Amino acid sequence: MKHPFFAIFILLTIVLLAVHIPMCAKSLKFPSGKFVSYQFTRGGGMDPLDFTTYYLRHDEETGKDLLTISGDCRGEEITVEVDDEVFDHCLKLIRQHKLQRSKGYYEPLFQLLDAPSSSFTILFEEPFQIISGSGDMPSFLWDGINDIHRYFKSIIGDRKAEGHVDRIYGADGVKGLSWTDGINTFTTATESFVELKKALRGITGNDDREPQEMGYSHFHDGDQHYVHILDYKNDCNRLYYSFDGSDVSRAQMVRRQLTSLLCGTYMDGDGQRYLFTVDGFCKGPKDTEPQPFIIFPDLSKPDPQYRWKGKMADDFRLTTDGFDIIRTSGRAKATVIGHFKRIVENDEVWPVVNERFLSQPMMDALTMEQLEQMLKSIHSKPDTPFTGMQWFTDIGGVNHDLLISEMKKRKKD
């Protein structure tokens, strides 16, 4: 043979191919086990809140099938219960894009220090098998990942996580809106929040009332705008919210806000449990669906009535352990017709603090002890899995500042 080394090389190549091709075919074979979870994460960069997750799994603790995805707000996570159909469709997309072709870690051409990284893991059981990918993943993987995430977003719909609203950036104000802190009313005549800043500066007793050393955060929820004004110079802040300019609607809004303080589970004197929602509804032991608790019989007047056991009462009063429902008759002394004792779960005395911005009337209705309880009821968590910094939602963060400011003011007084 004229070229023995070449012949030997050819033979070895054939042998290696004969061994390697079956191995590749085996590695590309779709897992035979039961699909149990899909998880995608992106994070780990300089910005601790630049973190994204998509997580479909069976939760052993609750026994439920859950889907968690990142929302539109920074740090927002939305979790919903799902059924087998979601697992089936996700598995269909995994098969369709042949994600089992993933080779695992893909070395990037350039190393970017302190930049976020992405990875996904798909788990199967019986037998235990994994499909995973990370690093500089090829386009076929991203095509599949993006399809899966679009499907997950369609499941969540327009739902938001607890405590998140739409934060508005780059807009100094809204012209022609009426505003209130629940006590006083103001109008933004121009597209500026200067009037609201001056209003807060006036509360602190500063004669010049110049809005210097002040800031604000602007939020939008449904049809209503909220502006949190901060006076750094005088260590004071207050929340202003928009309304339609009618004193009646403002007064009604305040009454609804006060009713939302009742949010939670209670027990009456007969041992019956009642669930009050943040929107002023109540579900009693005989109700199949929550019923309106606060009712305005005459929409032209700000005076509400309160439904309890099929009857109407005139008012309610917060107590140390819950609240009383009160009925008045003409000028007669108010009569307590029902007492509700709050049932506290997980030391969360005031769940409303995580679901509604606190107005000044809401805080005025509480004692110092109750303000402290409310402050402790605000949900907080590490901002990402990578750090232990305390983090609040939009509503929780504003309420935290409002409560701290209110407690400082009372201590000074």
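## Finding your way around the model

Helix α5 gives the most to the lining of the largest pocket, with six residues. We return to that pocket in Exercise 3. This is a predicted model, in which local features need pLDDT of at least 70 and side-chain atom pairs count only at pLDDT 80 or more, while totals for chains, interfaces and linings use all residues. Residues are numbered from 1 along each chain as its sequence is written, and side-chain values use heavy atoms, with hydrogens and water left out.

**Exercise 1. Find out which residues have pLDDT under 50, and how the chain scores on average.**

Step 1. Start with the term: pLDDT is the predictor's confidence in each residue, on a scale from 0 to 100.

Step 2. The chain averages 85, and 86% of the residues score at least 70.

Step 3. Now look at residues 1-26, where pLDDT stays under 50. The model has two contacts (heavy atoms within 4.5 Å) beyond four places in sequence for this stretch.

Step 4. Where pLDDT is low, the predicted coordinates should not be read in detail.

**Exercise 2. Describe the chain as a whole: how many helices and strands does it have, and what share of its residues is buried?**

Step 1. Count the elements: there are eight helices and 25 strands. Both are DSSP runs numbered from the N terminus, with helices (H or I) of at least four residues and strands (E) of at least two.

Step 2. Of the 413 residues, 41% count as buried. Buried means under 20% relative accessible area and exposed means over 50%, with partly exposed in between (1.4 Å probe, protein chains only).

Step 3. The chain exposes about 23600 Å², and carbon and sulfur atoms supply 52% of this area. The areas come from the Shrake-Rupley method with a 1.4 Å probe; for residues, only the protein chains shown count as cover.

Step 4. Among contacts between residues at least 6 apart in sequence, 56% join residues at least 24 apart.

**Exercise 3. Compare what lines the largest pocket with what lines the second largest pocket.**

Step 1. Define the pocket: on a 1 Å grid over the protein atoms alone, a pocket is an open set of points with protein on both sides within 12 Å along at least five of seven lines, whereas a cavity is a set where a 1.4 Å probe fits but cannot get out. Lining residues have an atom within 4 Å of a point. Grid points are joined across faces, edges and corners, and a volume is the space filled by probe spheres set on the points.

Step 2. The largest pocket has a volume of about 600 Å³. Of its 30 lining residues, Q224, Y226, M253, Q257 and R356 are the closest to its centre. Strands β12 and β13 and helix α5 (247-260) each supply at least two lining residues.

Step 3. The second largest pocket holds about 360 Å³ of space. It is lined by 16 residues, with K34, F35, V36, H58 and F87 nearest its centre. Two or more residues come from each of β1 (34-43), β2 (52-59), α2 (84-96) and β6 (117-125).

Step 4. Sort the linings by class, with Ala, Val, Leu, Ile, Met, Phe, Trp, Tyr, Cys and Pro as nonpolar, Asp, Glu, Lys and Arg as charged, and the others, Gly among them, as polar. The largest pocket has 13 nonpolar, ten polar and seven charged residues. The second largest has six nonpolar, two polar and eight charged.

**Exercise 4. Work out which residues of helix α4 are buried, and what they pack against.**

Step 1. Helix α4 covers residues 194-203, and its buried residues are L196, K197, A199, L200 and R201.

Step 2. These residues pack against β9 (178-180), β10 (185-187), β11 (214-221), β12 (224-231) and β13 (236-243).

**Exercise 5. Place Y151: is it buried or exposed, and which residues does it contact?**

Step 1. Y151 sits in helix α3 (residues 139-156) and is buried, at 15% relative accessible area.

Step 2. Beyond its neighbours within four places in sequence, Y151 touches E85, V86, H89, C90 and L93.

Step 3. Y151 and C90 are 61 residues apart along the chain, and their C-alpha atoms are 8.0 Å apart.

**Exercise 6. Locate the unusual backbone angles at P127, K98 and D235.**

Step 1. Recall that most residues other than glycine have a negative phi, and most peptide bonds are trans.

Step 2. The bond from E126 to P127 is cis, with omega near 5°; P127 lies in the loop between β6 and β7 (129-135).

Step 3. K98 has a positive phi near 50°, and it lies in the loop between α2 and β5 (104-106).

Step 4. D235, in the loop between β12 and β13, also has a positive phi, of about 50°. D235 is partly exposed, at 45%.
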